[in-house]
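Student: I am new to this structure and would like a close look at a single part of it. Could you take me through one strand and its surroundings?

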Amino acid sequence: MGRAVAMSRKTMVLAGLLPILVAAPLAAQDAAEAISAPAPQVVSQATQGFSGLARVEPQDTRAEDRRSGTDITLGLSQGVPYRLFTLDAPPRVVLDFQEVDWSGLAAEALTTEDGITAAQFGTYVPGWSRLVLELARPMQIETAAMDIDPVTAAAQLSVALRQTSAEEFVATTGAPRDARWDLPAPTPMIAREAKDSLAPLLIVIDPGHGGIDPGAEAFLQGGLVQEKDLMLQFAIELGEMLVRSGQFNVQLTRDDDYFVSLERRIALAHQAKADLFLSLHADSLSEGRAHGTTVYTLSEDASDAASATLVERQERGDLLAGTDLSKADDRVTDVLLDLARVETHPRSQALARALVEGLKSQGGAMNRRPLREAGFSVLKSADIPSALVEVGFLSSPRDLANLMDPDWRERTARGILNGLLSWRIADEATRPLVRQ
């Protein structure tokens with residue numbers, strides 16, 4: 001059945017695709033061409049070598065309302081390339097920087113009473129950081145400039161926003177096109193070549209959230225626990241177990257703490273020609289009653305209110321991270337994809353049932369309704385059987401303790417492996433009938 005392959009974090013990355021995300025940083029001139037604001041100044045090469053990352057200086061960072069808009073000041077330990085643009089629905093200002101250290105900065109420093117309602121910042125893609133400011137009302141970028149002290153190399157980025165009409169705001173929104181960050185151009189769906197029934201299947205494991213989007217958060221023994229970190233750790237542990245079985249090859253949608261949009265996660269799986277797609281999450285519900293592992297398949301309508309809430313939270317993550325969703329909903333395309341899902345959806349449902357049975361066989365803490373449906377974007381692949389596993393809920397003290405326990409994670413990974421093995425055997429036998 002194919003031999004197991006030793007797998008490190010690097011070898012699990014989608015081969016040939018990661019360079020799209022980690023291309024060499026822009027030169028200052030290139031970054032300036034991506035924005036309409038004045039180009040950032042460049043400090044000397046000798047000064048740039050003092051530190052790998054520029055630091056945000058919290059004491060020099062603030063946002064202030066004025067009569068016609070809002071002023072933003074960002075203090076930095078050194079100058080870095082940057083770009084900025086606006087997005088709609090809701091109105092936002094997005095600032096991208098060659099990677100910076102945000103330590104010590106509180107979101108409240110960049111929110112105001114009338115202009116900026118929320119601030120989100122963190123890693124976006126490897127080598128680049130993002131700041132997203134949600135606006136109370138439409139405002140355009142009036143001026144943007146970075147001043148650099150020639151002696152200390154400290155920098156100050158000043159952005160002035162002015163109030164504008166909704167129509168004028170929408171007319172100027174949109175992210176600049178950048179092949180390293182954006183989705184690849186659409187290509188026709190091509191029928192896949194038949195695979196040897198004994199060859200390992202390629203599973204793309206998708207650790208939820210990442211970078212600027214931390215996902216759910218909880219406090220344990222005075223420390224902050226974030227969903228993005230837990231799911232990356234579990235994805236690596238699960239991937240290593242699957243590869244050792246000899247039945248599966250594994251690739252990850254991310255192998256570190258950076259942001260990957262929901263659409264890109266699916267695109268990466270398609271480019272890798274994945275046989276299966278498995279998304280991992282450990283969300284939180286405000287009512288705090290949900291607990292135990294749950295497995296989801298795709299449905300336009302959520303099977304219950306809690307599932308609908310989880311979908312809303314995940315879609316909100318892309319908004320908070322500054323993803324341009326203006327072209328994400330193509331209803332004609334959806335109709336065509338629905339036709340392609342006629343074969344894939346039954347296989348996804350069988351996959352979810354097998355995962356639930358495999359997890360139960362390991363005595364895992366299952367939700368009272370472990371099999372559910374919801375409209376998660378990462379499950380919308382038309383030709384790859386897909387499932388989303390809510391491994392647990394950070395809002396549940398029991399689940400949180402389980403997720404922090406290496407032995408529990410190993411048993412859970414074993415349950416997922418058992419489910420995948422059972423599904424593979426059954427799928428080989430029933431797939432011709434599904435086609436009919």
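Tutor: Let us start at a turn: strands β7 and β8 form a hairpin with 2 residues between them, and in that turn G127 has a positive phi of about 90°. Strands here are DSSP runs of E with at least two residues, while helices are runs of H or I with at least four residues, and both are numbered from the N terminus. This is a predicted model, in which local features need pLDDT of at least 70 and side-chain atom pairs count only at pLDDT 80 or more, whereas totals for chains, interfaces and linings use all residues. Residues are numbered from 1 along each chain as its sequence is written, and side-chain values use heavy atoms, with hydrogens and water left out.

Strand β7, residues 116-125, pairs with β8 in the antiparallel sense over 8 bridges, where two strands count as paired if DSSP finds at least two bridges between them. Within this pairing, T123 has S129 of β8 as its bridge partner. Strand β8 also pairs in the antiparallel sense with β5, residues 92-98, over 7 bridges, and there L131 of β8 stands opposite L95.

As for its cover, β8 spans residues 128-135, and 8 of its 8 residues are buried, that is, under 20% relative accessible area with a 1.4 Å probe and protein chains only, where over 50% would be exposed and anything in between partly exposed. Both faces are covered, with W128, R130, V132 and E134 buried on one side, and S129, L131, L133 and L135 buried on the other.
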